[in-house]
Amino acid sequence: PQGLRVTLLEPRSVVGAGVAYSTAEPSHRINVPASRMQLSGEEEGAFDRWYRSQPAFADDPQARREDGALYPQRGQFGRYVSQRFAAAVQASGGRLVHLREQALSVDESGLITDTGRRLQSDVLILAISHPPPALPRLAAPFHDHPALIANPWRADSLATIAPDARVAVMGTGLTMADCI
C-alpha cells in the first residue's frame, strides 16, 4: 500500500537465505523439484526459470534428473531469494530498507538494535528462523573433542572426514538427512 515502509533487520549481508539456503555444501540440495519453488505471489516455476539462466545450471550436471526435473544446490535458492529482495529494495523507492543490525529488545517505546538504534513501528513481525544446531545433552561431554562436528552447516565442516571413516550421526531431522 501507498505510504507503507518496511525495515528488515538482518545482520547478514545476504538476505533471505537463512541457515538452510546459505549452505555452500554442494551435496545440500533442495528437496522438491525447482519447478515447485517460488516466492509468494510469483508465477509457478519462477525459480526453475531463473536457475536455468544462471551459470550454476551449466556447472552442475548433478542437479538434472532423467525426467527433466532440477534439484539445485540449496545455496542457489538462497541466491534467488537474495536477488529478488535486492530488486524489491531497488523498486521500492526507499520504502523497503535492509539494516545489517540485530534486534536486541523491544518495549512500548520501540525496538533497540545492537548498534543502539531505536526504531518505532506500528507493526512488528518476528521472523527469527531457528538457531544454529546445538549439541544435545548426551553429547555435551564431547563438546571439545576434535572429531565432533557440532555444526554441520559451517563451511567445509565435513571436508576433514576420511572416505573410509566410521561416522556416527545423532538426530533424525533434516540436518541429519543433509549430513548423510
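Reader: Why is Glu10 called buried?

Author: This is a predicted model, and in it Glu10 has a relative accessible area of 15%. Buried means under 20%, so Glu10 counts as buried.

Reader: Where does Glu10 lie, and what is Glu10 in contact with?

Author: Glu10 lies in the loop between S1 and H1. Setting aside neighbours within four places in sequence, Glu10 is in contact with Val15, His98, Leu99, Arg100 and Glu101.

Reader: Glu101 turns up there. What makes Glu101 and Arg117 a salt bridge?

Author: Their side chains meet at 2.6 Å, N to O, and the cut-off is 4 Å. The pair links distant parts of the chain, 16 residues apart. Arg117 is in the loop between strand S4 (110-113) and strand S5 (118-119), while Glu101 is in the loop between strand S2 (96-99) and strand S3 (103-107).

Reader: Are those two partners buried or partly exposed, and how do you know?

Author: One of each. Glu101 has a relative accessible area of 5%, so Glu101 is buried. Arg117 comes out at 37%, so Arg117 is partly exposed; that class runs between 20% and 50%.

Reader: How many salt bridges are there by this rule?

Author: The count comes to 6. Among them is Arg29 with Asp60, the closest N and O atoms being 2.9 Å apart.

Reader: Why do you say that Arg29 and Asp60 tie parts together?

Author: Look at where they sit. Arg29 lies in the loop between strand S1 (6-9) and H1, and Asp60 in the loop between helix H2 (55-59) and helix H3 (74-91), so the pair ties together parts that are 31 residues apart in sequence.

Reader: And what makes Arg29 and Asp60 count as buried?

Author: The bar is under 20%. Arg29 is at 14% relative accessibility, so Arg29 counts as buried. Asp60 is at 8%, so Asp60 counts as buried too.

Reader: How do you know that Arg84 and Glu42 form a salt bridge?

Author: Their side chains meet at 2.8 Å, N to O, set against a cut-off of 4 Å. Arg84 lies in helix H3 and Glu42 in the loop between S1 and H1, so this pair ties together parts that are 42 residues apart in sequence.

Reader: Which classes do Arg84 and Glu42 fall into?

Author: Glu42 has a relative accessible area of 19%, so Glu42 is buried. Arg84 has 40%, so Arg84 is partly exposed.

Reader: On to the rings. How many aromatic pairs does the structure hold?

Author: It holds 8.

Reader: Why is the pair of Phe47 and Trp50 called stacked?

Author: The ring centres are 5.9 Å apart and the planes are at 25 degrees, so the pair is stacked. The cut-offs are 6.5 Å for pairing and under 30 degrees for stacking. Both residues lie in helix H1 (residues 46-52), 3 residues apart, about one turn of the helix. Phe47 and Trp50 are both buried.

Reader: Which aromatic cluster do Phe47 and Trp50 belong to?

Author: One cluster formed with Tyr21, Tyr51, Phe57, Phe77 and Tyr80. Phe57 also has company on its face: Arg64 lies over it, at 4.2 Å from the ring centre.

Reader: Last one: what makes Leu124 partly exposed, and which patch does Leu124 help form?

Author: Leu124 has a relative accessible area of 44%, so Leu124 is partly exposed. Leu124 lies in the loop between S5 and helix H4 (174-179). With Val106, Leu126 and Ile128, Leu124 forms a nonpolar patch on the surface, with about 450 Å² of accessible area together.

Technical notes: Residues numbered from 1 in each chain as written. Predicted model: local features only at pLDDT ≥ 70, side-chain atom pairs only at ≥ 80, totals over all residues. Heavy atoms only, no water. Phe/Tyr/Trp six-rings, centres within 6.5 Å; stacked < 30°, edge-to-face > 60°. Helix = DSSP H or I, 4+ residues; strand = E, 2+ residues; numbered from the N terminus. Buried < 20%, exposed > 50% of the residue type's maximum accessible area, 1.4 Å probe, protein only. Lys NZ or Arg CZ within 6 Å of the ring centre and 35° of its normal. Patch = residues over 30% accessible without salt bridge, like charges linked within 9 Å, V, L, I, M, F, W, Y side chains within 5 Å. Areas by Shrake-Rupley, 256 points an atom, 1.4 Å probe, with all protein chains shown as cover. Contact = heavy atoms within 4.5 Å.
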